[in-house]
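This report covers selected local features of one structure. The sequence and coordinates come first.

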Amino acid sequence: MIDTTKFSLADFMKSEDKNIMELAKEFWEYKEDYVRRRHYQYRRVSITGSGPTMKIIDHYTGQVKEMINLASNDYLNLTKHPRTIKAGIEAVKKYGTGAGSVPLLGGTLDIHVELEKKLAKFKGCEDALIYTSGYGSNLGTISAILHEKDVAILDMYVHASIIDGCRNTNVEFFRHNNMDSLEKVLKKVKDKYNTKLVIVDGVYSMDGDIAPLDQIVEIAHAYGAFVMVDEAHATGVIGKNGRGTPEHCNVEGKVDIVAGTLSKALGAVGGFIATNKELVNYLHFYSRAYMFSTAPTPQATASLIEALNVIEEEPELRQRLWDNIRYFRENLLKLGFNLGNQQTAIFPIIIGDDYKVKEMCRELHEAGIYVNPVFYPAVPRRLSRIRMSITAGHTKEHLDRTLDVLEHLGKKYGII
């Protein structure tokens, strides 16, 4: 039996002396020790779908367990909004369950075009194209436009999909949200490459902080570089009208490429790129993730169109979300928890000890509170954390119950 206290996920990522089946068997033993210690907080199976609470099948008891759900990115609870559900049902009745082909050939529906136009307008861009996943939108776009004579300049905390998209190009990193570091890298690469693309997240998924996009755009453009921002956790959440980081930072129309997922505040699945019409046209033919994937389902597409309508027409959802964010943040700080530079609906409670994270998450699960453990190698060991997400649908009772349990555990494990 492999002892999980002596190994990490990083130890099973590659091996010089084992084939993949041997490695998978060892990782299975590692997972079994996780389960034995009741630290395995992955793939908890929901029988009710996303929501501020949900019912799951408990790994350990086999019984149905109702939990306060603080592990969802469904920030505005649009997965179950009556309008998005109705739009999806009507689309299935009209178009069927699938698009039937890749978008470039026979799979583009009129509602796909409608969604693309709506996304472009929402993001202040000329045009847009949609992908079947947010991962695919970043991977497919970056790998299509950056090659051996180009360079990607990345904030060191960007999402894995961005890093994976850069495997066929040159990469330089700058310190997280550090403009002096960004400018230093831009000076270094100024005259060396054809295309220089600075890529950042609008809202960072592990820290919940916001990129200073206005400064990034100004500095990058001064050195002849383009800017791409991933709006996965920003769309629908930040900005006066929920349009994301460019709106929040007053640079709408100045960001060269706006990317994002359609699976978080928009409540469905997929990804998008919004930019100028010429680059969108180029991606139609050269983005392999777009060309070789069947177009998004009619149901998801129609629900997403309606989700954008809801964001524009029901601002009270975003107001409730921010009321919850402010309330939860204020009380966590009063208790003495370290939230890093958290600014949005994502709450990292930084613990700095992998074992304590596992034990606290075990006890939170037993108390009926669904959170995510995050530790090495996803973050440095000194920054291991419990990650939580707040939604518009959480009540004060949900938040107060969570705060009570966190206070007890924080004191028990010497965190506060």
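## Surroundings of His39

Beyond its neighbours within four places in sequence, His39 is in contact (heavy atoms within 4.5 Å) with Tyr34, Tyr60, Tyr355, Lys358, Glu359 and Arg362. The side chain of His39 makes a polar contact with that of Glu359, at 2.7 Å. A polar contact is a pair of N or O atoms within 3.5 Å; within protein, one must be able to donate a hydrogen and the other to accept it, and residues adjacent in sequence count only if both atoms are side-chain atoms. His39 counts as buried because its relative accessibility is 3%; buried means under 20% relative accessible area, exposed over 50% and partly exposed in between, with a 1.4 Å probe and protein chains only.

The model is predicted: local features need pLDDT of at least 70, side-chain atom pairs count only at pLDDT 80 or more, and totals for chains, interfaces and linings use all residues. Residues are numbered from 1 along each chain as its sequence is written, and side-chain values use heavy atoms, with hydrogens and water left out.

## The loop between α1 and β1

His39 is placed in the loop between α1 (20-36) and β1 (45-46). Helices (H or I, at least four residues) and strands (E, at least two) are DSSP runs, numbered from the N terminus. Arg38 is in the loop between α1 and β1, as is Arg43.

Most residues other than glycine have a negative phi, and most peptide bonds are trans. Arg38 has a positive phi of about 60°, and Arg43 has a positive phi near 50°. Arg38 is partly exposed, at 35% relative accessibility, whereas Arg43 is exposed, at 73%. A cis peptide bond runs from Tyr376 to Pro377, with omega near 10°; Pro377 is in the loop between β13 (372-374) and β14 (385-389).

## Aromatic rings

The whole structure contains eleven aromatic pairs. Tyr34 and Tyr40 form one that is edge-to-face, at 6.4 Å centre to centre and 70° between the planes. Rings of Phe, Tyr and Trp (its six-membered ring) pair if their centres lie within 6.5 Å; planes under 30 degrees apart count as stacked, over 60 as edge-to-face and the rest as tilted. Both Tyr34 and Tyr40 are buried, and they belong to one aromatic cluster with Phe7, Phe12, Phe27, Tyr30 and Tyr42.

Lys31 lies over the face of Tyr40, at 5.4 Å from the ring centre. Lys358 lies over the face of Phe375, at 5.1 Å from the ring centre. The criterion is NZ of Lys or CZ of Arg within 6 Å of the ring centre and within 35 degrees of the ring normal.

## Helices α4 and α7

Helix α4 (residues 110-122) has 13 residues and an expected span of 18 Å, which agrees with the 18 Å between its end C-alpha atoms; the expected span is 1.5 Å times one less than the number of residues. Buried residues in α4 include Ile111, Leu115 and Phe122. The buried residues of α4 pack against α2 (82-95), α3 (103-107), β4 (127-131), β10 (271-275) and α12 (298-313).

Leu182 is in helix α7 (residues 179-189) and is buried, with a relative accessible area of 0%. Among the residues Leu182 touches are Ile153, Phe174 and Ile216. Leu182 and Ile216 are 34 residues apart in sequence and 8.1 Å apart in space, C-alpha to C-alpha.

## Cysteines

The count of disulfides (cysteine sulfur atoms within 2.5 Å) is zero. The sulfur of Cys249 is too far for a bond, because the closest cysteine sulfur, in Cys125, is 15 Å away.
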